[in-house]
Structure formats: structure tokens, C-alpha cells
4 protein chains.
Amino acid sequence: MGIVMDRSALTDFLALEFPQVADSFAIERVDANELVARLIVGPQHLRPGGTVSGPSIFALADLAIYCAILSRIGPVALAVTTSASVDFMRKPAAGRDLLAHCRLLKLGRLLAVADALITSEGQPDPVARASMTYAIPPKA
Amino acid sequence: MGIVMDRSALTDFLALEFPQVADSFAIERVDANELVARLIVGPQHLRPGGTVSGPSIFALADLAIYCAILSRIGPVALAVTTSASVDFMRKPAAGRDLLAHCRLLKLGRLLAVADALITSEGQPDPVARASMTYAIPPKA
Amino acid sequence: MGIVMDRSALTDFLALEFPQVADSFAIERVDANELVARLIVGPQHLRPGGTVSGPSIFALADLAIYCAILSRIGPVALAVTTSASVDFMRKPAAGRDLLAHCRLLKLGRLLAVADALITSEGQPDPVARASMTYAIPPKA
Amino acid sequence: MGIVMDRSALTDFLALEFPQVADSFAIERVDANELVARLIVGPQHLRPGGTVSGPSIFALADLAIYCAILSRIGPVALAVTTSASVDFMRKPAAGRDLLAHCRLLKLGRLLAVADALITSEGQPDPVARASMTYAIPPKA
């Protein structure tokens, strides 16, 4: 299935539909192989010691996977997360944004599955990995 | 293992160590069987349509499980989440706080495991379930 | 939703549909609150050192959750596991069967979610916990 | 960290330590990027309808990830699975072996994390994905 929403369309969609969080995220790239999303790390994402919080990493993975699905099915569908699994592996590097590299593994009629590797920008070793299932509502 | 931090001690600890998020959460109850934590739902937790966001539900489960562990080992240990699995099962009820009912399943020397059922206050059916593993750093 | 397949009906169903594995499992109890299934531990389930293998524990949880769903919707539906999360917490006690205590958390039109605590018979502390999502095919 | 057990050494190790299951599995390849393991599908792995059972897929992922860890730390360590997450995405193709493509994401002092994509041999779309955490016992 081809890309029906590109980086620009996804960016506009997030600004319109998720104004509360759109400032924290950016879609870096989307193509047939992967979608890359950025968490623009600010004070609201940090825990004591300067590390990015678990919920912020979850939010980045969730957003990246959601956008990877929308990039293929368009903005009409209201997809919701049904299952998520996250492994937190390393402390994020201080003072760097996080990048989620997301690949879509299945896009079925009812369920979509994707995973994402999260890295600190410029660092090779992953900070976290996440996999999520989304339910896609049937077309009206 | 007995309770070494009660509700009041956990509340003070959160206010001191996590001032950024302490306003969103309350520890309702902690005993030998379970810890109950509350997400005081505000506009910052909502998605379009008025539903509580996935990252906010994740944050509640994470905090409840973290506090359940601290209630047994005290505030000295710096425990970090290593794995998390969440199933989102129902839309939260509008205008209600969320409650996480957390039980500690294992408290080992290096790893602790707990799960939590999340409900909308006053509703029997669970909104979500979560299970998490924490790594407990060795004592100095 | 009430129980439409009881212990006896589930036992017959397993013997008929899963003859390859039916000898390893027994349904102990099923009621409105939980289903309890047994792994009759034999040499084929063991790893070096006499511990029950991870795949055998997975199989027990999968079977218990599958039967908990069938107990409510009957044998006609062909449900398949879509997601599973398992935490292995303690070594099973030597020479004892394993019991899975399963509770159904959601029974939707398309997805069912349940979790299970696995114990060595007669031991209070859980060996493992598992949660799984099943897809329920639409009625013809 | 370099490869300290190659394909041949891993094969010998499985034959010696896991004689009950070694006939079902083969290590196809191991290098710095990934380990590929094969499930030699036989009648004992099948469910009604000829599909490979969930526990068999779990067993393949578990073995592949275990071997990926041993390939780096050698046969002396007794690593045990602590957490596993699996998504079952497509029905395996009939009459084909399954291949697990495993990448090691973290190899820490105490915990290792890896994931695996499972495919039917010769088919591009993944049948399943799995991620697991192993606890590595401290050196004596």
C-alpha cells in the first residue's frame, strides 16, 4: 500500500487534531520503509537527573506508530491503540532529542502492528524499543 | 516484606522528587495486598473527544507500580522501568478520574514485577491493564 | 455474559480439537470469575535441571485464556491469539503441576483480553503472569 | 562485543544441552548483525488446519534470542527469560519452515534484550514478531 499522507500532510494533521502535543513532536521522514518521528525534548519531558521520562518515550512511540498507519490509510480513520509493549534499555543522552524509527509490520483490515526503535539523536545504541497494535474501525 | 512507606510518605516523596507531575496523581491507599493510585484528570491528559490519552494511562500505571515497589523498599532505591506491557480495553468514562489498582507480584533482589488494572472511578469494567518490570539497583 | 461451555464441555472440546496436546492439560474449574487450567507436567515440558520450559508455560497460559473465551462464546468461534505478554518470575517447584488462574478482562465483538497468573500447585507465589489478546472472527 | 560462539558451536551446544528439542531447530547463520534460526516444522508443531501453533512460534523466538545472547557471552552463562512480548500477525504458510531473524538490542551486565521477526521461509511478510528480556547471572 502506498503513502497517502506524506510528511507535510501528517504535520498539518497533528497541528489540527492534537494541538496540545503537536509542539513536542515532528515528523522527520516517511517513506515505504519507515517513518521517523522526533520528540523535541523540553523540560516537561524530563525526570530528576535530566533523563527523558518513560511516559514521554511511550508518547513518542505511540505517535510515530499512529502516523505510520495514517500515512497508509489517510486521516479519515480513527485508529486506537489496543496493545503496547515497551522495553527501556538505556538512559537517553542528556540534551538531545529522541528519534523513533518506525516500521509497519502489518496493515490488516481490522488490526495494524508496528514497532519502533528509539534513539538519542546522533547515538547508535537504542534507548528503547516499542511495539503496538492499533484497531482500525471498519469503514462506514 | 512489610510496608516501609505508607500513603503519607509516598505522597511527600512524590511532591519532593517529581514536582512536575505530582499535581496529577494521588496515592489513595497502600496495604499488603494492593496500592491504589489516582490520575486527577485535567485538560492536559485529554485527547480530542474528551478521552484520556494513552501516555497518561501509561504514566498512571508506571507511577502506581513505582510507588508499590517503594512502599516495600523505601525511598533510597533508584528503581527504573525496564519493560512495560499495556492493553487498552475500553474508552475511559468522560469527566471521571482514573484509578490504578496495583499488585506486586515479585520483589526480587534485582527485579520487581507488578501489574495494575485501570478503571474509571465508579465503573467496574477495566479501561486498561498494565504490567511492568523494574530494575532495582544493588545496594551500595 | 454467562458460561455457555462448562468444564466438561471444554474438556470434550479439547480432546476432540486438540488431541495432540489434550493429554497435557486439564480444565480444573470455570465460573463467572475465573478459569483454572492445569499443566500436567511430564518429561516433554522440562528443561535441563528439571524446570518447566518457557514455551510450556506459554502454552498453558494460551490454552487457559482460549478456554476462558470459549466458555463465554461457545465452540463455534475460531479465535486466534494476536498479542501475548509474559513475565517469568520464579522457577517452578520441582515435581509439581502448574496451574493457570485466568480472568477475562474484556469480551468485545472483535477482541477479547484476559490475563493469567501461573503458580506451582500448592505454592502461593506466582511462577509467571501472562496477558493475551484474541481476535474473534465476525459471525457468518 | 564479538561473536564467541559461531553457528557450529551453537549447534553443538543445543544438541548437548537441549536434546529434547534440538531436532526441531537449526541455527542458520550468526554474524555481528543478526542470528537466523529455523523451526523445522513437523506434525508436533501443528494445530488443526495445518498452522504452526503459537507455543511453537514462541519456542522458536525464545531459542533464537537465547542463542543470539550466547553467541556473544559464551556457553558458561545460564541466562533465563524474564519478559516476552509476541505479536502474531499472519497465518504461517502451509508446508514451510519458519525462520526467526533476531537482532540483539542490548547486552548489559545483568539484562539482555533482543527482538525477532518470524517469517515462513520464502515469504516476505512476517508471521510474528517477538521481543524478550533475559537475565544474565553474575559471574562467579
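Colleague: Before we look around, what does "buried" mean here, and what share of chain A counts as buried?

Modeller: Buried means under 20% relative accessible area. This is a predicted model, and chain A has 140 residues to which that cut-off applies. The share of them that counts as buried is 56%.

Colleague: Thanks! In what order do the elements of chain A run from the N terminus on?

Modeller: Start with the inventory: chain A holds two helices and six strands. Read from the N terminus on, they follow the order α-β-β-α-β-β-β-β.

Colleague: How does the radius of gyration of chain A sit against the globule rule, and what is its value?

Modeller: The globule rule gives 14 Å for 140 residues, and chain A comes close to that, so the chain is as compact as a globular protein of that length. Along the principal axes, the C-alpha trace spans about 50 × 25 × 25 Å. As for the radius of gyration of chain A, the value is 14 Å.

Colleague: Among contacts in chain A between residues at least 6 apart in sequence, what percentage join residues at least 24 apart?

Modeller: A contact here means heavy atoms within 4.5 Å. Take the contacts in chain A between residues at least 6 apart in sequence, and then pick those whose partners are at least 24 apart: they make up 62%.

Colleague: Turning to the surface, how much of what chain A exposes do carbon and sulfur atoms supply?

Modeller: Chain A exposes about 6,000 Å². Of that area, the part supplied by carbon and sulfur atoms is 56%.

Colleague: And how far apart are the mean positions of the positive and negative charges of chain A?

Modeller: Chain A carries 13 positive and 13 negative charges. Averaging the places of each set gives two mean positions, and the distance between them is 6 Å.

Colleague: Which residue of chain A comes closest to the rotation axis that relates chain A to chain B?

Modeller: Chain A is superposed on chain B by a rotation of 180° with 0.0 Å of shift along the axis, at an RMSD of 0.0 Å. Both copies use the same surface, as 100% of the contact residues of chain A recur in chain B. The residue whose C-alpha comes closest, at 2.1 Å, is A:Ser85.

Colleague: Lastly, what kind of axis relates chain C to chain B?

Modeller: A rotation of 180° with 0.0 Å of shift along its axis places chain C on chain B, with an RMSD of 0.0 Å. The two copies are thus related as by a two-fold rotation axis.

Notes:
Residues numbered from 1 in each chain as written. Chains lettered and ligands numbered in written order. Predicted model: local features only at pLDDT ≥ 70, side-chain atom pairs only at ≥ 80, totals over all residues. Heavy atoms only, no water. Least-squares fit on C-alpha atoms with pLDDT ≥ 70 in both. Helix = DSSP H or I, 4+ residues; strand = E, 2+ residues; numbered from the N terminus. Rg over C-alpha atoms; globule rule 2.2 N^0.38 Å. Buried < 20%, exposed > 50% of the residue type's maximum accessible area, 1.4 Å probe, protein only. Areas by Shrake-Rupley, 256 points an atom, 1.4 Å probe, with all protein chains shown as cover. Lys, Arg positive; Asp, Glu negative; His and termini not counted. Charge placed at Lys NZ, Arg CZ, Asp CG, Glu CD.
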